[in-house]
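Today I am looking at aromatic rings and one cysteine. Here is the model I have open.

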Amino acid sequence: MPITRGLRVPTVEERFWSKTGMSVDRPDDCWLWTGFLDKDGYGRFKDSSTHWLAWEYTNGSRNGLHVLHNCPGGDNPACCNPAHLWLGTHQDNMADMVK
């Protein structure tokens with residue numbers, strides 16, 4: 001963690017997770033993004049989709065694949081819980097959208 005004038009400055013990843021609404025007490029719930037949401041309800045952070053970042057911070061590279069939602073109550077675009085995310089192709093994403 002960077003230190004500025006004796007103050008601890010949060011890392012970008014720490015700032016990201018602080019805006020997810022994640023709960024260690026309720027790990028199966030959706031962790032809703034508390035920052036900016038785009039017109040479709042997806043979280044945005046530093047010009048990236050928040051569900052993509054949640055996947056990458058937890059699992060590593062997406063390797064060009066899409067990050068899709070599989071939330072218990074149905075797709076929730078603001079959800080950042082890595083347990084609710086899975087990788088798929090563009091075709092998987094299109095099929096998932098019409099379910």
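I started with Trp17 and Trp31 and found both buried (under 20% relative accessible area, with over 50% exposed and partly exposed in between; 1.4 Å probe, protein chains only). This is a predicted model, so I keep local features to pLDDT of at least 70 and side-chain atom pairs to 80 or more, while totals for chains, interfaces and linings use all residues. Residues are numbered from 1 along each chain as its sequence is written, and side-chain values use heavy atoms, without hydrogens and water.

Next I looked up Trp33 and Phe45, an edge-to-face aromatic pair with 5.7 Å centre to centre and 70° between the planes. Rings of Phe, Tyr and Trp (its six-membered ring) pair if their centres lie within 6.5 Å; planes under 30 degrees apart are stacked, over 60 edge-to-face, the rest tilted. Trp33 and Phe45 are both buried too.

How many aromatic pairs does the structure hold? I noted 7. The rings of Trp17 and Trp31 make an edge-to-face pair, with centres 6.4 Å apart and planes at 80°. I also see one aromatic cluster formed by Phe16, Trp17, Trp31, Trp33, Phe45 and Tyr57.

Then I turned to Cys80. Is Cys80 buried or exposed? Cys80 is buried, at a relative accessible area of 0%. Beyond neighbours within four places in sequence, I list its contacts (heavy atoms within 4.5 Å) as Trp17, Thr20, Trp31, Trp33, Thr50 and Ala54. Cys30 is 50 residues from Cys80 in sequence, yet 7.0 Å away in space, C-alpha to C-alpha.
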